[in-house]
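New to this one? Take a look at the sequence and the model below, and then we'll walk through a few spots together.

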Amino acid sequence: MSELQLKDLYDGFRNPDVIKALAKAITDEAKNLKKPLNIMEVCGGHTHTIMKYGLKQLLPQNIDFIHGPGCPVCIMPKERIDHAIALAQMEDTILLTLGDMIRVPGSKSSLAVERANGCDIRALYSPLDAIQIALDNPDKKVVFFAIGFETTTPMTAALLEQVEKQGIANLYFHINHVLVPPAVDAIMADGQAKINAFIGPAHVSVISGAKIYQPLPEKYGAPVVVSGFEPIDVLQSILMIVRQKNEERCEMEIQYSRSVTLEGNIKAQVMIAKFMEPREHFRWRGIGDMPDSALVLREQYTAYDAEKIFADILPTEPIDDHKLCICGTILKGLAKPNDCQVFGTACTPNTPMGSCMVSSEGACNAYYRYGEI
Amino acid sequence: MTSPKQIQLSHGGGGEETNSLIHDLFYHYFSNDTLLAAEDAAVLEVKSKIAFTTDSFTVSPIFFNGGNIGKLAIAGTVNDLAMMGAKPFYLSASFIIEEGFAFDDLETIVKAMAEELKHSEAKIVCGDTKVVPKGAVDQIFINTSGIGEIEKEGISANHLQEGDVIIVSGDVGRHGAAILMEREGLGISGDLKSDCATLWPAVQALIDANISISAMRDATRGGLSAVLNEWAEQSSVCLEIEESSIPVNEAVQGICELFGFEAFDFANEGTCIVAVPEKDAQMALAALHKVEVTKEATIIGQVSLKKEGRVILHSAYGSSRYLDLPKGELLPRIC
Ligand code: SF4
Ligand code: SF4
């Protein structure tokens, strides 16, 4: 990794002059829009970029953003978090997961609370760290609570591959990998959200290929631009969308041509398919049950499947969110965080009532953190 | 007697081994008359108003690029005094050591402490050593307390006024990023070194130049964001900061990009924020620039009344947003 210049990760994508020029180009072109543009940014990462860099302030009134269901923490229903807690509470167990998942409230508690109560719960930086932990603790059950969209799935598959290769017998998987397209379909099929364009997350497409968005323009009459996460990426994508509208085109375009192709990363897709397949049902928080919207371990890997092996201790009842929390409506693109009665009062990042406030990619969190000044 | 390779429980037992640890190691490096008097308590002379502070250091890893737990234990406590306008004078040092800890490592740590003390001329005048069974602590914990004589009064988080200029003494986030790198063994090359350093010479320079200081704080845990938010809230003012003026090292920025953190939230151990009246701003900068650790000090913003209790970050391209307090625990984003 030593050749990697850390600077390359961000340099050039935040140049103020370029940002200003793009904002002006959008503003000029947007004058010709026949209808206001409601762009859904499917992914929480984009919500974050838009809020953090104050991009909306640079754009004309007739362009608005609607936040989508694209944050793996936000869409995790409470009963799945209860699973994680139940697993963590087993004797001689180490529970591993990623990022903000630790802080999301389940029905009664959260992993953070359980960790303080003495459970061995660890947030990983990279899923592959799980191997060392399993090797270091041969007398313990190590459970990896895997979360994420298409982006993080290959890491879990890579981990499974290693586990198989090295014959590690004490590492189990609780798979919560979800898929973007079914969720977008569900929102659009519902028909209530006023969305007439999409920004598609580039991270997802680096793996799955931009092809997964190809049906959208035709199905819903809304252009899709697959976009990177830097402010310049997002602005350029918006400009591409505005141009499509003005030229009366409706297509899938790739802004993030730095690394997205139509086909995606075939090797990763093959590896994922080796271990996982679509699961019949997965209940998304706020959106509900959707067939084929998540992945499950294939039959032949049952020996690693925490959901099957520890089935008898895992609660099965679906659990709904707090009555006042409108995360579901927000995830469906029908409301904004400040429409929620308890936004910023009873619900803040320190006292989150819903997952949209917990996850740093959640819409409520982004609105609270960066505000609209 | 050949010197032992590892600390054993007997080193904390109060007998001969303890004695030799104290004499051969601590007295050797921390030597001064008060300490060598070896009384039950240090007898000190102080002439004016004093500031008193304490802090415990439990950093992991204990050795990191740019310092170690010992350097940190001195710089941390000395800086707490300095930030109150107090010249650091007397420190205590207590060690809680895990049985089996390498003696050489302990010596390295103690040496670093002695080195760091030179930057403020403060002395360690009393101390304590406990050795606990394996597993009872993670290698070594150090507590330092300190007393300093106040040379400049009235520095307070409650004293920011409209128009005050906000200065940061150097680039932000380096300690937090360096620790994260070591902890995760990321193997990314770069000049990423903790900023761990004693700030007293910088404060002395400000005092000597007769600068009025409204507020001053070292941006440790919670980083720049935490200090600015505390100030905005305690003084009921708005801090308006120019994002592009905040110095951030490239490697730190890169780490932030990798994990989805903000450099402003990362800890520093030798970087402070100073608020001074506008008329003194240039003089303050000039004074800071004369001191090695603050030679890159720069103005990042100003106090207004636009939105009381909040920190606003202005971008270079005309938008603005709040800079909020960092959350309790820094966790990497999921994707
Ligand atoms: S997993 Fe992908 S789609 Fe989801 S928030 Fe992260 S980048 Fe966006
Ligand atoms: S503000 Fe809180 S309670 Fe309201 S929708 Fe967001 S997360 Fe739910």
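## Strands in chain B

B:Ile167 has B:Ile299 as its bridge partner in E11(B). Keep in mind as you look around that this is a predicted model. That bridge belongs to a wider pairing: strand E7 (residues 165-168) of chain B and strand E11 (residues 298-304) of chain B run antiparallel, with four bridges between them.

E11(B) also pairs with strand E9 (residues 238-242) of chain B, again antiparallel and over four bridges. Here B:Glu240 finds its bridge partner in B:Gln302 of E11(B).

## Strands in chain A

Over in chain A, the pairing to look at is parallel: strand E5 (residues 141-148) is joined to E6(A) by seven bridges. One bridge to pick out links A:Val142 with A:Leu171 in E6(A).

Is strand E6 (residues 171-177) of chain A mostly covered or mostly open? It's mostly covered, as seven of its seven residues are buried. Both faces are shut away: one side has A:Leu171, A:Phe173, A:Ile175 and A:His177, the other has A:Tyr172, A:His174 and A:Asn176, and all of these are buried.

From A:His174, hop 16 residues along the sequence and you get to A:Asp190, with 30 Å between the two C-alpha atoms. A:Asp190 is part of helix H7 (residues 180-190) of chain A. Its relative accessibility is 38%, so A:Asp190 counts as partly exposed.

Here are the bridge partners mentioned so far:

| Residue | Bridge partner | Partner's strand |
|---|---|---|
| B:Ile167 | B:Ile299 | E11(B) |
| B:Glu240 | B:Gln302 | E11(B) |
| A:Val142 | A:Leu171 | E6(A) |

## Cysteines

How many disulfides does the structure hold over all chains? Zero. Take B:Cys272: the closest cysteine sulfur is in B:Cys196, and because it is 14 Å away, it's too far for a bond. A disulfide needs the two sulfur atoms within 2.5 Å. B:Cys272 is also buried, because its relative accessibility is 2%. B:Cys238 has a relative accessibility of 0%, so it counts as buried too.

## Around ligand 2

Last stop: ligand 2, which takes up the space of the second largest cavity. What kinds of residues make up the shell around ligand 2, by class? Eleven are nonpolar, one is polar and none are charged. Cysteines turn up here as well, with A:Cys325, A:Cys327, A:Cys340, A:Cys347 and A:Cys364 among the surrounding residues. Also around ligand 2 are A:Ile326, A:Ile330, A:Val342, A:Phe343, A:Met353, A:Gly354 and A:Met357.

Conventions
Residues numbered from 1 in each chain as written. Chains lettered and ligands numbered in written order. Predicted model: local features only at pLDDT ≥ 70, side-chain atom pairs only at ≥ 80, totals over all residues. Heavy atoms only, no water. Near = heavy atom within 4 Å. 1 Å grid on protein atoms, 1.4 Å probe; cavity = no way out; pocket = protein on both sides within 12 Å on 5 of 7 lines; lining within 4 Å. Sits in = over half its atoms within 2 Å of the grid points. Nonpolar A, V, L, I, M, F, W, Y, C, P; charged D, E, K, R; others polar. Buried < 20%, exposed > 50% of the residue type's maximum accessible area, 1.4 Å probe, protein only. Pairing = 2+ DSSP bridges. Helix = DSSP H or I, 4+ residues; strand = E, 2+ residues; numbered from the N terminus.
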